[in-house]
Amino acid sequence: MRTPPGVSAVTFADGIAEMKSAVGEEWVFTSDPDVDTYRDFYSVLWGEEDERIASAAVAPKTVEEVQAVVRAANARGIPLYPVSTGRNLGYGGSAPVYSGSVVLDLKRMDRIIEVNEGNASCLVEPGVSYFDMYRHLQETGSKLWIDVPDPGWGSMVGNALDSGGGYTAAPYRGHFEAQCGIEAVMADGELFRTGMGALPGSETWQQYKMGIGPCLDGLFRQSSLGVVTKMGFWLFPQPEAYMSCSVELQRFEDIEPLVDLFNELEYGNIFNGMPSIGSPVLASGNPLIFAEIPEPEEMNRRVRETGLAAWRGSMVFYGPEKVIRAQWEYVQERFAHFEGVKFKENQFVKLPLRPEDMEKIQKNRFGIPSMEIFSVGSRGFGDFNPSDGHIWFSAIIPRSGKGFVKANRVMRQACAEHDVPLFMFSPAVTCWTRSFVLFAAVPVYKDKEKNRRLRESVLKVIQICAEHGWGEYRCPPAFQDAVMDAYSFNNNMLRRVNEKIKDALDPNGILSAGRYGVWPKHLRDGRHA
Amino acid sequence: MISRRDLMKWGAVVPALVGGSARAMAAVPEGLDALVVDSRHAPGVIANPGGVRVLRFDGDVTQLWFETLDPLWRKPGFVLGGITGRDALFVLETLSWDRGRRVVSRKDMPGRSGRMDGPISWVIAPVHPSVKKG
Ligand SMILES: Cc1cc2nc3c(=O)[nH]c(=O)nc-3n(C[C@H](O)[C@H](O)[C@H](O)COP(=O)(O)OP(=O)(O)OC[C@H]3O[C@@H](n4cnc5c(N)ncnc54)[C@H](O)[C@@H]3O)c2cc1C
């Protein structure tokens, strides 16, 4: 049996015995083959001494069992790392940030406690996967949609807690923003509820986020302060129709007014689905790799020579057919003055979906979970094999034409200069409505030397981005300290405040140590320059 | 439960099975409850070789897993053989862990070009007490 650092074998064995008596012997895993299933298969530290590896895993079924496990750990200083479904591939998988932690695997807590059709909301346990919820909504004939990330095997809770994103309408596709109400077991085993959940008898836990006083839901986003055991979400009432459309513009110079107008139209509720800004002329090679944006004259020359548009702004409308057709007409009016503008209605789908629609649609735009993303390699899109793995590099950049062009150029050049291989580099993506995010998928290897070079390069790109004011919204554990360091206003006040909260709420430092660069007191020294 | 002997037999019969050999079709070992076939890699496998139910898919395992495998994997028992691409096995293996199962046999097969980029033959069986039979 592996032992967490700083915990004696006797103390650990005693803690494990208490956990076994709380959850049942068969739900505590200590053998290497079992614990190995919690390795991060996309780790940039694969096979190295520093790879983040669990010492054991425990899978409770109820909140009371979670409390018992947390108390057993807290009494002995055993580090715990809670995961919901643990499918955080590209951002750490189910491995702990601090090696030797016991993974608290919440997959078995898979109750859908409530779906409230009238309020379009739900309350779920952490083990409820997107597939579980989809199945439930289908089987009960619900008229509600979930918003899903690309792989459907993750959980509503785990994904939201790492601040994941999806593809439908604005209030739902930022998954932490769509949460309403959290229940968590704190480090001392006490049960805490946020918002209206703190008021006994309240029927509004999933209706009003804030309750009274400071709003504490954010304490659990990308944090190390509690084990979330319930979470509420707002769901999307199925619209009557879906329509995806695009506007194509012909000149480099159009990018700024294009983004500004898109912002006005989305923030003004003229369209409500996820927009994106791409470039047909720059994506004419590998569609997964958005090329470096050239100088204006060069881009305009390529447009003339290829006949492909410089920019494509795509948008989605959800709503009654009459309304969304009128909205699209209005969008066309607003873009009519651009020279050479082309409008395209790409797809119109009446809802609910019919079986024959399933082959034609992009499922995640309809809240349908899928694992299709893992077979893209075989369809000729890049050199993607999911068993090799990749990490995501995800930088938040300004939602403006100028901001997008600059970030694209700086990041593409930084990746080229530091030999960061890419199998995907995104256009301007809008999982969160008020900013863009640029995603790069960077292949990782089962080769230590290649990974060592990759880590050095990624650290340089993080630094370059930070120098321009762009920070990652999420990253794998190997880079979490560096990314948190980049948020350095007032001598890293953000991290220092987080550390104070950590010390107050988890004085023994047992929960998710090191997550997003926040280490408990006893592991902090010497870590930061 | 599939025996060690059957697992070895499985390893031996798969290459011929992929090649569509009629003899191999009859020699699929006992103990397998179903056989998953990735049409990208083994289009020649016929329905019910050796009486075993064949579940076919074409690259994306979503529908097969969601409609067929997941409900079966929630119950005790069910030994599944497969001849699939590496990408599909990655997804199925990871999903199978959630239901107390493990890949108990795994064999790379040469691809069409003779390189090791071909399909993998495998067996996923229940190992956790909550899904082990008997
Ligand atoms: C090809 C590919 C495509 C992807 N596309 C997307 C995408 O479109 N959108 C997206 O968001 N992600 C995407 N991802 C990343 C990732 O796979 C998903 O975000 C996935 O849903 C996260 O795994 P999970 O839901 O099982 O969360 P988990 O792994 O369970 O949780 C994530 C982290 O949150 C914390 N945590 C989880 N549960 C708890 C809890 N109950 N209490 C306290 N802390 C907790 C832990 O630190 C954990 O490591 C993609 C990955 C790949 C490989």
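These legends walk through several close-up views of a predicted model.

In this predicted model, local features need pLDDT of at least 70 and side-chain atom pairs count only at pLDDT 80 or more, while totals for chains, interfaces and linings use all residues. Residues are numbered from 1 along each chain as its sequence is written, chains are lettered from A and ligands numbered from 1 in the order in which they are written, and side-chain values use heavy atoms, with hydrogens and water left out.

**View 1. Where chain A meets chain B.**
Chain A puts 26 residues into the contact and chain B puts in 21 residues, with contact meaning heavy atoms within 4.5 Å. The two chains bury about 2100 Å² between them, and carbon and sulfur atoms give 64% of that. On the chain A side, look for A:F131, A:R135 and A:W153: these lose the most area to chain B, together 25% of what that side buries. Buried area here is the accessible area (1.4 Å probe) that two parts lose on being put together, summed over both.

**View 2. Charges and polar pairs across the chain A–chain B interface.**
There are 5 salt bridges between chain A and chain B, each a side-chain nitrogen of Lys or Arg within 4 Å of a carboxyl oxygen of Asp or Glu. One to zoom in on pairs A:R87 with B:D98, where the closest N and O atoms are 2.4 Å apart. The interface also has 9 residue pairs in polar contact, both residues at pLDDT 80 or more. A polar contact is a pair of N or O atoms within 3.5 Å; within protein, one must be able to donate a hydrogen and the other to accept it, and residues adjacent in sequence count only if both atoms are side-chain atoms.
As for who lines the chain A side, the residues divide into 13 nonpolar, 6 polar and 7 charged. For that split, Ala, Val, Leu, Ile, Met, Phe, Trp, Tyr, Cys and Pro count as nonpolar, Asp, Glu, Lys and Arg as charged, and the others, Gly among them, as polar.

**View 3. Domain 2 against domain 3 in chain A.**
Domain 2 of chain A covers 112-237 and domain 3 covers 241-351, with bounds that come from an automatic or database domain assignment. Their C-alpha centres lie 33 Å apart. At the junction, 8 residues of domain 2 are in contact with 7 residues of domain 3. Together the two domains bury about 550 Å², 65% of it on carbon and sulfur atoms. A:W145, A:Y167 and A:R173 supply 58% of the area that domain 2 buries against domain 3, more than any other three residues.

**View 4. The salt bridge between domains 2 and 3.**
The interface of these two domains of chain A has 1 salt bridge. A:R173 and A:E266 form a salt bridge, their closest N and O atoms being 2.9 Å apart. Polar contacts between the two domains come to 3 residue pairs, both residues at pLDDT 80 or more.

**View 5. Around the ligand.**
The ligand is surrounded by 34 residues, and the closest are A:S84, A:T85, A:R87, A:R474 and A:R515; a residue counts as near if one of its heavy atoms lies within 4 Å. A polar side-chain atom of A:R474 sits 2.7 Å from a ligand oxygen atom, and one from A:N159 lies 2.9 Å from an oxygen atom of the ligand. A:N88 joins in through its backbone, with a polar atom 3.2 Å from an oxygen atom of the ligand.
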